[in-house]
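Okay, hi everyone, thanks for coming. I'd like to talk about salt bridges today, so have a look at this with me.

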Amino acid sequence: MNVFTAQARPGQAGGAPEPAALARIGDWLRDHAGAIRLVQWLVVIFYLILLLVPALLALPPSQARMLDHLTPLAQFVFWGLWWPFVLLSVVLFGRLWCGLLCPEGSLSEWISWRGLNRRTPRWIRWSGWPTVAFILTTVYGQLISVYDYGRAAALILGGSTVAAMLVGFFYGRGKRIWCRHLCPVGGVFGLLARLAPLHYRVDEALWQANQGPRLTPPNCAPLIDIRRMRGNRECHACGRCSGQRGAVALTARSPNAEILIVGDQAQHGRWDVRLLLFGMIGLAMGAFQWTVSPWFIGLKQAAAGWLVEQDILWPLEASAPWWLLTHYPEVNDAFTWLDGATILSYLGASTMLIGGALWLALRVAAAVMRRGEPVFRHLALTFTPLAGAGLFLGLSATTVKLLRYEGFLLAWAQPARAWLLCGAIAWTLYLSWQVISRHGANGLRRPLAFGCCVLGGAVVGYGWYLQFWGWA
């Protein structure tokens, strides 16, 4: 008998049951581990084909279309569909992708059962790794054109997969040590999952009080203390704990709930803020923007002119190997050392100027409210919708580009971008106003603090406006 037939669903007063459909979905995931493992292996096979085959093939002709050559087809599936809609799925369903479909997580957990089962060292548990890993992989990906070439994608994503399996082999029997502490997109997914309208709610009091029939203790791969779990940040939404002690159930909630209520209680708050402001907003904008930016071209031309005047010509040579800088002379695409330095400079400037301006605006807002670090972090989390929208806009730009190359007009793309950007800004500012009100800013302090948030949102919005309209 399901424990919920005898116990109230968690969080419901007077024994009123949770909506049955959602709870049953969570229970189904718990009870069909074999089917889920089969799907995971199918995804792994598809992922490896998509990743490795284009890396082994010769580069396609410049006019090749998706149906002419596997490489442009794989490029579209991988970067035009896979990654943009993985991000979207996290916002809609939490980290369901991580728990059920991610090939890295599946391989890491699988090999961990066959590994050395050593104790996880302290250095791996450092909370800054997701931020550092995201920054390094993003920057490196731009230098070797990860979106355009199969070998580059295989190097970065395949290298990440190999690292995940090595960590799984050495540490954590049956656990996903890589996913919890080291995954380059784990921090991003953790932030975006806070917006999901679905979560596994835990009633801690019911957990402790329930003396009825109990399910087998679940193997929580991301190492969560399920009894004390609050929110979606770490939860992989795999359903393994659904129904545990009658206290865990998949439920619906407001998409604003976790930002407003749990946001200022989150662990690793400082690194979350750094990743959000400087990584997901500042660095990501520069990474998506530099190829169309006239500022980038002007910076490169000025530097090249100065080098020629000084008779320093080696930075103008395209002699770097492909795994260090893009080098495909057979298709007339090879970065010089100057290109690499200019890309690094542009990305660094975008990170510090955009992220720094947003950081300063929120610091001033907290100071106006006469509040300290916790309120600053809470305000920073309100920019999660805008950060997520920016990542989706940037990744889906590849989708639109490739489809237009195939002959699709996509007249709706620009209006859709405008609606998404404006909606994300409005959502962010609504959350900001609610957080300011929640923390008791009175009188003139409230509109002044909110004005700082509006200014921060305007800076980010203007950056995306330049990319899609101002420089188009």
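Let me start with a quick one: is Glu-204 buried or partly exposed? It's partly exposed, at 22% relative accessibility. Keep that residue in mind, because the cut-off for buried is under 20%.

Before we go on, remember that this is a predicted model. The protein chain has an average pLDDT of 91, and 93% of the residues reach at least 70. The part to be careful with is residues 1–17, where pLDDT stays under 50. The model does have 39 contacts beyond four places in sequence for that stretch.

Right, salt bridges. There are 16 of them in the structure, and I've picked three to walk through.

Back to Glu-204. Its side chain pairs up with Arg-230 in a salt bridge, at 3.2 Å from N to O. Now, Glu-204 is in helix α10, while Arg-230 sits in the loop between α10 and β2, so this pair ties together parts that are 26 residues apart in sequence. Arg-230 is partly exposed too, with 44% relative accessibility.

While we're on bridges, there's also a network: Arg-180, Arg-194, Arg-233, Glu-234, Arg-253, Glu-258 and Asp-272 are joined into one by salt bridges that share partners. Try finding those in the viewer later.

Next pair. Which residue does Arg-240 meet in a salt bridge? That's Glu-109, and the N to O distance is 3.0 Å. Arg-240 is in the loop between α10 (204–209) and β2 (248–252), and Glu-109 belongs to helix α5, residues 103–112, so here the bridge ties together parts 131 residues apart in sequence. As for how covered up they are, Glu-109 counts as buried at 9% relative accessibility, whereas Arg-240 is partly exposed, with a relative accessible area of 26%.

Last one, and this pair sits within a single helix. Arg-30 makes a salt bridge with Asp-27, and their closest N and O atoms are 3.4 Å apart. Why are these two separated by about one helical turn? Because they are three residues apart in helix α1, which covers residues 20–31. Both ends of this bridge are tucked away: Arg-30 counts as buried at 18% relative accessibility, and Asp-27 counts as buried at 6%.

So, to recap: one bridge lies inside helix α1, one links the α10–β2 loop to helix α5, and one links that loop to helix α10. That's me done, thanks!

Notes: Residues numbered from 1 in each chain as written. Predicted model: local features only at pLDDT ≥ 70, side-chain atom pairs only at ≥ 80, totals over all residues. Heavy atoms only, no water. pLDDT = per-residue confidence, 0-100. Contact = heavy atoms within 4.5 Å. Salt bridge = Lys/Arg side-chain N within 4 Å of Asp/Glu carboxyl O. Helix = DSSP H or I, 4+ residues; strand = E, 2+ residues; numbered from the N terminus. Buried < 20%, exposed > 50% of the residue type's maximum accessible area, 1.4 Å probe, protein only.
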